[in-house]
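Biologist: I have a structure open and some questions about it. Can we go through them one at a time?

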Amino acid sequence: GGYSGQSDLALCTMSEHPWEPGGRAVSGTQSCMPVLPKAVIFLTIACTMAYFLDREERRGGFDTVDSQYRSWLMANSEAEILEPSVTFLALDDPGERVFDTWPPGPVDYSIMVDNLSKNDPRVIAVAPVLGWREGVDDILISSMRSVLLRLDREQVLLGAELLQNPAGEMIRPSTLSLFPQLENVTGDRSQIPEFTQVGALPEPALTAISPNLGFTRIDLGDTEAKRERDSFTVPLLGRHGQRVVPSFILMAMIKEAGVGLDGVQVSLDGRSIKIGEGERGLDIPIDSGGRLRVHTGIRTAISKYNADILFLVGADDIRDQLTDEQKSALLSRIVILGIDDEIARTIDLPKDDEKISQAELFAMAIATIQAKRFIQRVPTLVEYGAWAALLGIGLLMLRLRRKRRVVMWWGVLLILYFVGNLILFQYTGQWIPLVVPLGIIASILLVALVLPAPRPKRDDDPAPLESGTTTTS
């Protein structure tokens, strides 16, 4: 039998017998396929798969996969992190009667905030809602009030809880005014978490002194699981109708920057929050709903102490009792007081099987902003460029002759892809969604193994024939 002579452009399925030195197969049959049709088949399969996977991914169909992949990137990121200026003081009942009551009462908080203020922190942020059940003596609450009166109101931030309950009583204007309104907001506000009621507020005697509250939580009821799929995504914005208010985290950053609310600009279309102007301005990337993704790798850079260091033990002044390291951790920083007992630790870390509390997550969010360790999806053009590179590598791999080599280089490609993504994430905080690239890489292996492989070049292959001529045996 004759053949066309286009041996360099032919792909052939060979038997597993080795080729003789002369280039003839010892045994087995061959079936040839031109390279161009095989490349077209590969590109058709890969591009079709990429289109549908990308469409589903952007609709949120692979949110769980993306979340787990980001967790893997964060758990394995060892890049150097600039030291943030936030300290977390954990309120944990040690069982040694350090606190007057548990959870801490007005007297406990008044002692802690008073002693903390003597170390001149930039912001004192109290995450637990300082509201107590009826029956707490007003005299005890007045002790906390007296401490707040001695402090600059811009130095203190109190937390509150909100909820969404359309069927319930609407929030009163006087209560709504406790949450400062952000005026410079552009873009579609519909994706911002909405609240209709207040879940918990500090005591009225305290809000009269420190009126600018920051919400620590918006209970979204039945929709919460759908909107907050990722435990490490925290809201920086909330809204009541068209009124947009800052969260506890964002308010702490505003107070640290020392700017007024008119110095905060929110662009929901541009997906950013800017605090301040010029070189000292801070840009915070957010999603369309005003949420920030927290970098869990930042946790090791946060100063964390038990809040019992703020109680005097055999000293007349708290500054005589603290170590130099503890004093440094409290000076000119954001200091967060938050419940951190075993019951409060409900958030699973992606590494080491540890759990953290919501208050520690707040500290991590602030540290993420301060150290600018933002987690962002790469720009669309970069993402498309990565896909094109994989398609190009796939076309080259289709020319490999032996299937075991295809499998070997396919494994190398897979490893290099993950390593490259890890390096990209470590040094830029950017990531590429996993599903589409994996689909392209899988299609490379599928086409290379199912369709015939290239036939090796033989020395006795005839030269290409002129058009219209044939050879006969």
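Modeller: One definition to begin with: Ala, Val, Leu, Ile, Met, Phe, Trp, Tyr, Cys and Pro count as nonpolar, Asp, Glu, Lys and Arg as charged, and the others, Gly among them, as polar. This is a predicted model, where local features need pLDDT of at least 70 and side-chain atom pairs count only at pLDDT 80 or more, while totals for chains, interfaces and linings use all residues. Residues are numbered from 1 along each chain as its sequence is written, and side-chain values use heavy atoms, with hydrogens and water left out.

Biologist: How many cavities of 30 Å³ or more are there in the whole structure?

Modeller: The search finds 1. A cavity here is a set of points, on a 1 Å grid over the protein atoms alone, where a 1.4 Å probe fits but cannot get out; lining residues have an atom within 4 Å of a point. The largest cavity holds about 30 Å³ of space, the volume being the space filled by probe spheres set on the points, which are joined across faces, edges and corners.

Biologist: Which residues line the largest cavity?

Modeller: Asp 54, Glu 57, Arg 377, Glu 383, Trp 387, Pro 433, Val 435, Val 436 and Pro 437. Helix H1 (35-58), helix H12 (380-397) and helix H14 (435-450) each give two or more residues to that lining; helices (H or I, at least four residues) and strands (E, at least two) are DSSP runs, numbered from the N terminus.

Biologist: Which one gives the most?

Modeller: H14, with 3 residues.

Biologist: And how does the lining divide into nonpolar, polar and charged?

Modeller: It has 5 nonpolar residues, no polar ones and 4 charged.

Biologist: What about Arg 55, buried or exposed?

Modeller: Neither: Arg 55 is partly exposed, at a relative accessible area of 34%. Buried means under 20%, exposed over 50% and partly exposed in between, with a 1.4 Å probe and protein chains only. Arg 55 sits in helix H1, and its C-alpha lies 9.7 Å from that of Val 436, 381 residues away along the chain.

Biologist: New topic. Why is H3 called largely enclosed?

Modeller: Because 9 of its 12 residues are buried, among them Tyr 109, Met 112 and Leu 116.

Biologist: What do those buried residues pack against?

Modeller: Their partners include strand E3 (86-91), strand E4 (123-126) and helix H4 (138-149).

Biologist: And the whole protein, how much is buried?

Modeller: Buried residues are 47% of the 473. The protein has 14 helices and 21 strands.

Notes:
1 Å grid on protein atoms, 1.4 Å probe; cavity = no way out; pocket = protein on both sides within 12 Å on 5 of 7 lines; lining within 4 Å. Contact = heavy atoms within 4.5 Å.
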